[in-house]
Amino acid sequence: LVTALSSRLDQAVSIDNGVMHMMALADIPMIVLFGPTSPEKFAPKNNFTKILDSKKIHKTKDINSITVEEVLDLV
């Protein structure tokens with residue numbers, strides 16, 4: 001159901017979780033936020049995904065360090 005409903009979206013923003021992986025199956029553009037987990041290991045493998053990784057941007061595993069402005073810059 002999540003994948004079917006996601007196919008109706010123009011774009012999605014999510015953290016690394018199960019719902020994000022189900023949305024990725026809809027093959028829609030996504031912005032995915034990563035904190036303690038590895039985007040190299042867990043990010044969807046498609047051409048539509050943009051990654052914001054707090055470890056690379058802010059040198060911390062705290063996903064809360066990613067700002068709204070950083071997300072909006074990718075929209």
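Select Asn17 to begin, a residue of this predicted model that sits in the loop between E1 and H2. With a relative accessible area of 28%, Asn17 is partly exposed, a class that lies between the buried limit of under 20% and the exposed limit of over 50%. If you add Ala43 to the selection and draw a line between the two C-alpha atoms, the separation is 10.0 Å, although Asn17 and Ala43 are 26 residues apart along the chain.

**From the loop back into strand E1**

Next, select strand E1, which covers residues 12-15, and turn the view until the side chains can be told apart. They alternate along the strand, with Ala12 and Ser14 pointing to one face, where they are buried, while Val13 and Ile15 point to the other face and are not buried. Keep Ser14 selected, since several parts of the picture meet there. Ser14 has a relative accessibility of 9%, and it therefore counts as buried. Which residues does Ser14 touch, leaving aside those up to four places away in sequence? The contacts are Met20, Met23, Ile31, Val32 and Leu33.

Now bring strand E2 into view beside E1; the two strands run parallel and are joined by four bridges. One of the residues that Ser14 touches, Val32, is also the bridge partner of Ser14 in E2.

**The nonpolar cores**

In soluble globular proteins, nonpolar side chains tend to be buried together. To see how this model is arranged, select Ala12, Met20, Met23, Ala24, Ala26, Ile28, Met30, Val32, Phe34 and Ala43, the 10 residues of the largest nonpolar core. Two elements give two or more residues to this core, namely helix H2 (18-24) and strand E2 (30-34). Ala43, already selected at the start of the tour, belongs to this core, and its contacts beyond four places in sequence are Phe34, Ser38 and Ile51. Apart from the largest core lies another one, made of five residues, among them Leu33, Leu52, Ile66 and Val71.

**Val2 in helix H1**

Move next to Val2, in helix H1, which spans residues 2-6. Val2 is partly exposed, with a relative accessible area of 29%, and it touches Val19, Met22 and Met23 when residues up to four places away in sequence are not counted. Met23 is thus a useful residue to keep on display, because it is touched by Val2, is in contact with the buried residue Ser14, and is listed in the largest nonpolar core. For a longer view across the model, select Lys61 together with Val2: the two are 59 residues apart in sequence, and their C-alpha atoms are 28 Å apart in space.

**Two salt bridges**

How many salt bridges does the structure hold? There are two, and the pair to select here is Glu40 with Lys56, whose closest N and O atoms are 2.7 Å apart. Glu40 lies in helix H3 (residues 39-42) and Lys56 in helix H4 (residues 54-57), so this salt bridge ties together parts that are 16 residues apart in sequence. Both Glu40 and Lys56 are exposed.

For the other pair, select Asp53 and Lys55, whose side chains meet in a salt bridge with an N to O distance of 2.8 Å. Is Asp53 buried or exposed? Asp53 counts as buried, at 5% relative accessibility, whereas Lys55 is partly exposed, with a relative accessible area of 24%.

**Two positive phi angles**

Most residues other than glycine have a negative phi. Against that background, select Asp27, which is not a glycine and yet has a positive phi of about 60°. Asp27 lies in the loop between H2 and E2 and, at 45% relative accessibility, counts as partly exposed. Then go to Lys59, in the loop between H4 and H5, where phi is again positive and near 60°. Lys59 counts as exposed, with a relative accessibility of 70%.

**A patch on the surface**

Finish by switching on the surface and selecting Val68, Leu72 and Val75, which make a nonpolar surface patch of about 310 Å². Val75 is located in the segment after helix H5 (68-72), and its relative accessible area of 60% makes it exposed.

Notes:
Residues are numbered from 1 along each chain as its sequence is written. This is a predicted model: local features need pLDDT of at least 70, side-chain atom pairs count only at pLDDT 80 or more; totals for chains, interfaces and linings use all residues. Side-chain values use heavy atoms; hydrogens and water are left out. Patches are made of residues with over 30% relative accessible area and no salt bridge: like charges are joined within 9 Å, nonpolar side chains (Val, Leu, Ile, Met, Phe, Trp, Tyr) within 5 Å. Accessible areas come from the Shrake-Rupley method with a 1.4 Å probe; for residues, only the protein chains shown count as cover. A salt bridge is a side-chain nitrogen of Lys or Arg within 4 Å of a carboxyl oxygen of Asp or Glu. Buried means under 20% relative accessible area, exposed over 50%, partly exposed in between (1.4 Å probe, protein chains only). Contact means heavy atoms within 4.5 Å. A nonpolar core is a set of buried Ala, Val, Leu, Ile, Met, Phe, Trp, Tyr and Cys residues joined through side-chain atoms within 4.5 Å. Two strands pair if DSSP finds at least two bridges between them.
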